[in-house]
Amino acid sequence: MAQAAMNPALATGAAVELHDIQGLVRFAYKHHTEAVFLLLRVRDAGAARAWLAEVAVTRAPTEDATPSTALHVGLTSEGLRAVGVADDVIDAFSPEFVDGMAGDTSRSRRLGDQGPSDPSRWQWGGTNRVPHVAVLLYALPGLLNELQQTVEAQFQAGFEITHRLWTSDMGGLEPFGFVDGISQPELDWQRQRLARDATQTAYLSLSCLGEFLLGYPNEYGLYTTRPLLDPARDPLGILPRAEDAPESCDLGRNGTYLVMRQLSQDVYTFWQALDRYAGGAASTRERLASAMVGRRLNGAPLVKAEAPSPASGLGAPQAALNDFNYLSDPLGTCCPLGAHIRRSNPRNADLPPGGAGIVSLLMRTLGFNAGAREQDFVASTRFHRLLRRGREYGVAVTPAQVLAGQPVPGERGLQFICLGANIQRQFEFVQSAWIMNAKFDGMRDEADPLLGNRLPTAAGMSTDCFSLPQFNGPHERLTGLPQFVTMLGGAYFFLPGIRALRFLSGAYA
Ligand code: HEM
């Protein structure tokens, strides 16, 4: 995608307009254990715009006194159209946002949305069922009901609710039983991070703001393409000017994209299959499950975490679980190469391996540095980070209940949400090039052990295996993995800055 060049003078230090940013970019609302995501379609464009113009969206500034409830709003490209935004403005957003998640079969194939996960089978988000707006409500315990009733009453003239995506509090665990929400990129709110820093070759959690907010420089030192408007289209002067093009109004500034995927998890099949592979041995069963994730059930990583380094950008409790990379485990004997967390964030380096020096370059070119060659199979991770904001849903069932054959009715899974300024380079890349890719990191016939759809590749290669490399001797191999995760719905939303939301609700453009 074309990107504008950065004015280096603006790259660091300039203040961030927290008041204009939706709080979800900054906070995961961990203490807000109650949440529901409302999917809406426009019933009356005028009334819909009136609500969007007034709605009290939670902003990003508060650090200590987080509000007791929070509300966030995102719109799909169909939603922008439905509230009357001009076509040329919509088309200036990224193509994947304009097309939508289920927009074409090639995208669905790349994302692994095939077979039982095919968009034609989705409960929402497939053709003719794309939501216009998502309203995300979060509340401290006991407060969601009232918030939801109030908000639903406020927007009912403008919108009909097509789906209420409920979430549940599983005490920090995802439905398979692993601690979730550990590893996240840190945003450079102070704008101190130097993009294109050739000396920064080690893995770093700190990311340029432009990776997660439009209108700021990203890790390439560039401004991601977004709608820049002639000021004549903003007669009330609502929008900020673009940092990189001050003659234009920046509709993207302080906004981001939100990817939502409802992922149903078959917890019974997961633990029953592992039990079979383990021949009923509890310790083997747990070892295999941990190998698939790359962490133990309690969140401890399979490769040793380093002592926290001041430069890592990680807070102390997080560091114990998260300050590690895979350089000490190049063959995947501690954490399998195909483990979920190793695929979704290979942590190999912040720049392509080997450093920028001429000697190092020569070594790699001539093939003397086998370690670096190994890492070259995966691209540098700094350009592919995701800010995850998902929530579990359904009634929890423990591995013990599964193995005792105790049925717990209902369906359960993850309302997966991630934020990023570039859907293609962030979510779509991670999902297709790393998670679903049968050839990831030099492998041949396996996709993500949790998320793979187990369908053969176009070339007829099977993808239902999982390898656990061993120190001595051949890999331990699990074959014929069943599908554990199925897509039930999904969509791409634009999560606008507050001023952009007001502008869009006037549909001035
Ligand atoms: C039902 C589906 C999923 C389950 C059960 C699941 C489970 C987990 C677990 C247990 C962790 C480790 C805890 C943590 O670091 O927070 C994790 C990490 C992660 N997951 Fe997933 N996940 C799912 C879907 C996805 C999807 C669809 C993506 C992206 C397309 C994704 C991307 C990541 C990333 C980026 C990490 C952090 C890796 C790291 O930095 O070490 N996950 N996931």
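## A walk around the chain and its ligand

Start with the whole chain in surface view: its accessible surface comes to about 20400 Å², and carbon and sulfur atoms account for 55% of that. Keep in mind that this is a predicted model. Switch to cartoon and you should find 15 helices and 17 strands. Of the 509 residues in the chain, 54% are buried. If you like contact maps, take the contacts with a separation of 6 or more: 73% of them link residues 24 or more positions apart.

**Stop 1: the ligand.** Select the ligand and the 26 residues around it; Ile182, Ser183, His340, Arg347 and Arg388 come nearest. Colour that shell by class and you get 14 nonpolar, seven polar and five charged residues. Now bring the cartoon back. Strand 11 (256-265), helix 10 (340-344), strand 14 (413-420) and helix 14 (424-435) each put at least two residues into the shell.

**Stop 2: the iron.** Which protein atom is the donor of the iron atom of the ligand? Click on NE2 of His340, the only protein donor, at 2.1 Å. This histidine is part of helix 10. A polar side-chain atom of His340 also sits 2.9 Å from a nitrogen atom of the ligand.

**Stop 3: the ligand's oxygens.** Show the side chain of Arg347, where an N or O atom lies 2.7 Å from an oxygen atom of the ligand. Then pick Asp180: an N or O atom of its side chain is 3.3 Å from a ligand oxygen.

**Stop 4: Arg425.** Go back to helix 14, which holds Arg425. Is Arg425 buried or exposed? Its relative accessible area is 10%, under the 20% cut-off, so this arginine counts as buried. Turn on its side chain and look for two partners. The side chain of Glu211 makes a polar contact with that of Arg425 at 2.9 Å, and the backbone oxygen of Phe383 lies 2.9 Å from a polar atom of the Arg425 side chain. Beyond its neighbours within four places in sequence, Arg425 is in contact with Glu211, Asn218, Tyr220, Phe383 and His384.

**Stop 5: helix 15.** Finish by selecting residues 498-506, which form helix 15; Ile498, Ala500, Leu501, Phe503, Leu504 and Ser505 are its buried residues. What covers them? Elements to highlight include helix 1 (45-54), strand 3 (69-75), helix 2 (77-82), strand 9 (228-229) and strand 17 (485-495). Last click: Ala507, just after helix 15, has a positive phi of about 50 degrees.

Technical notes. Residues are numbered from 1 along each chain as its sequence is written. This is a predicted model: local features need pLDDT of at least 70, side-chain atom pairs count only at pLDDT 80 or more; totals for chains, interfaces and linings use all residues. Side-chain values use heavy atoms; hydrogens and water are left out. Helices (H or I, at least four residues) and strands (E, at least two) are DSSP runs, numbered from the N terminus. Buried means under 20% relative accessible area, exposed over 50%, partly exposed in between (1.4 Å probe, protein chains only). Contact means heavy atoms within 4.5 Å. Accessible areas come from the Shrake-Rupley method with a 1.4 Å probe; for residues, only the protein chains shown count as cover. A residue is near a molecule or strand if one of its heavy atoms lies within 4 Å of it. A polar contact is a pair of N or O atoms within 3.5 Å; within protein, one must be able to donate a hydrogen and the other to accept it, and residues adjacent in sequence count only if both atoms are side-chain atoms. Ala, Val, Leu, Ile, Met, Phe, Trp, Tyr, Cys and Pro count as nonpolar, Asp, Glu, Lys and Arg as charged, and the others, Gly among them, as polar. Donors are N, O and S atoms within 2.8 Å of the metal (3.2 Å for Na, K and Ca); water is not among the atoms, so sites may look incomplete.
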